[in-house]
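Okay, thanks for coming, everyone. I'll put the structure up and then walk through it piece by piece.

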Amino acid sequence: MVLFYTLLLALSEHIGFNLAYLIAAIATVMLIASFIKAITKDLKSALLLGSILGTFYLFIYVLMQLRDYSLIAGTIGIFIILAILMRVSTKINWYQFDNNHADQ
């Protein structure tokens, strides 16, 4: 997350906030999704968690545009996103990835 905000800050000084936010969000989501793919060897999990993270960055951008209602909308929205992420992560058999490395 720190890398996202640092990238956003560095880019926004040169190309404007909206484009910098888009580039930083896409780059961060792609980095994390590719890392998940490399660890799990499962494209479906990487795409799912990447799309959830992408939704999170989109949500944060929308929140910044709301101003007056950002605290209430943000708190409720992040709660819902976290609940979805927690629910999805319980369906992943994390031990299967450990077994794949032991077999190789």
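Let me start with a quick one: does K41 count as buried or exposed? Have a look at the spot first: K41 sits in the loop between helix 2 and helix 3. The relative accessibility of K41 comes out at 53%, and the cut-off for exposed is over 50%, so K41 counts as exposed. There's a backbone detail there too: the phi of K41 is near 60°, which is a positive value in a residue other than glycine.

Before I go further, a word on what we're looking at. This is a predicted model. The protein chain averages a pLDDT of 84, and 89% of the residues score at least 70. Broken down by element, helix 2 has the highest mean pLDDT, at 90, while helix 5, residues 95-103, has the lowest, at 60. Where pLDDT is low, the predicted coordinates should not be read in detail. With that in mind, I'll leave the end of the chain alone today.

Now the overall layout. The protein chain has 5 helices and 0 strands, so to speak an α-α-α-α-α run when you read from the N terminus on. Of its 104 residues, 26% count as buried.

Back to the loops for a second, as K41 has a counterpart. R67 is in the loop between helix 3 and helix 4, and its phi is near 55°, again a positive value in a residue other than glycine. R67 has a relative accessibility of 63%, so it counts as exposed.

Next, the residues on either side of that K41 loop. T40 belongs to helix 2, which covers residues 17-40. Is T40 buried or exposed? Its relative accessible area is just 5%, and since buried means under 20%, T40 is buried. As for its side chain, a polar atom there lies 2.8 Å from the backbone oxygen of I36. Over in helix 3 we have S45, which counts as buried because its relative accessibility is 8%. The S45 side chain makes a polar contact with the side chain of D42, at 2.5 Å.

Let's go inside. Which residues touch the most other members of the largest nonpolar core? That core has 19 residues, and the ones to look for are F4, L8, Y21, F56 and Y57. The elements giving two or more residues to this core are helix 1 (2-15), helix 2, helix 3 and helix 4. Helix 3 gives the most, with 8 residues. In soluble globular proteins, nonpolar side chains tend to be buried together.

Take Y57 from that list. Y57 is in helix 3, and with a relative accessible area of 2% it is buried. If you measure across from Y57 to V29, the C-alpha atoms are 8.8 Å apart in space, with the two positions 28 residues apart in sequence numbering.

There are two more pairs of that kind that I'd like you to click on. M30 is in helix 2, and its C-alpha is separated by 7.2 Å from that of G50, 20 residues apart along the chain. M30 itself counts as exposed, at 55% relative accessibility. Then there's F35, also placed in helix 2. The C-alpha atoms of F35 and A46 are separated by 8.1 Å, and these residues are 11 apart along the chain. F35 is exposed as well, with a relative accessible area of 52%.

Last stop, the surface. There's a nonpolar patch made of L58, V62, L66, Y69, I72, I76, F79, I80 and I84, and together they have about 930 Å² of accessible area. Two elements give two or more residues to the patch: helix 3 (43-66) and helix 4 (70-90). Which of the elements gives the most? That would be helix 4, with 5 residues.

Pick I80 as an example. I80 is in helix 4, and its relative accessible area is 44%. That value falls between the 20% and 50% cut-offs, so I80 is partly exposed.

To pull it together: helix 3 gives the most to the largest nonpolar core, and helix 4 gives the most to the nonpolar patch on the surface. That's my tour, so over to you.

How values were computed. Residues are numbered from 1 along each chain as its sequence is written. This is a predicted model: local features need pLDDT of at least 70, side-chain atom pairs count only at pLDDT 80 or more; totals for chains, interfaces and linings use all residues. Side-chain values use heavy atoms; hydrogens and water are left out. Helices (H or I, at least four residues) and strands (E, at least two) are DSSP runs, numbered from the N terminus. Buried means under 20% relative accessible area, exposed over 50%, partly exposed in between (1.4 Å probe, protein chains only). A polar contact is a pair of N or O atoms within 3.5 Å; within protein, one must be able to donate a hydrogen and the other to accept it, and residues adjacent in sequence count only if both atoms are side-chain atoms. Patches are made of residues with over 30% relative accessible area and no salt bridge: like charges are joined within 9 Å, nonpolar side chains (Val, Leu, Ile, Met, Phe, Trp, Tyr) within 5 Å. Accessible areas come from the Shrake-Rupley method with a 1.4 Å probe; for residues, only the protein chains shown count as cover. A salt bridge is a side-chain nitrogen of Lys or Arg within 4 Å of a carboxyl oxygen of Asp or Glu. pLDDT is the predictor's confidence in each residue, from 0 to 100. A nonpolar core is a set of buried Ala, Val, Leu, Ile, Met, Phe, Trp, Tyr and Cys residues joined through side-chain atoms within 4.5 Å.
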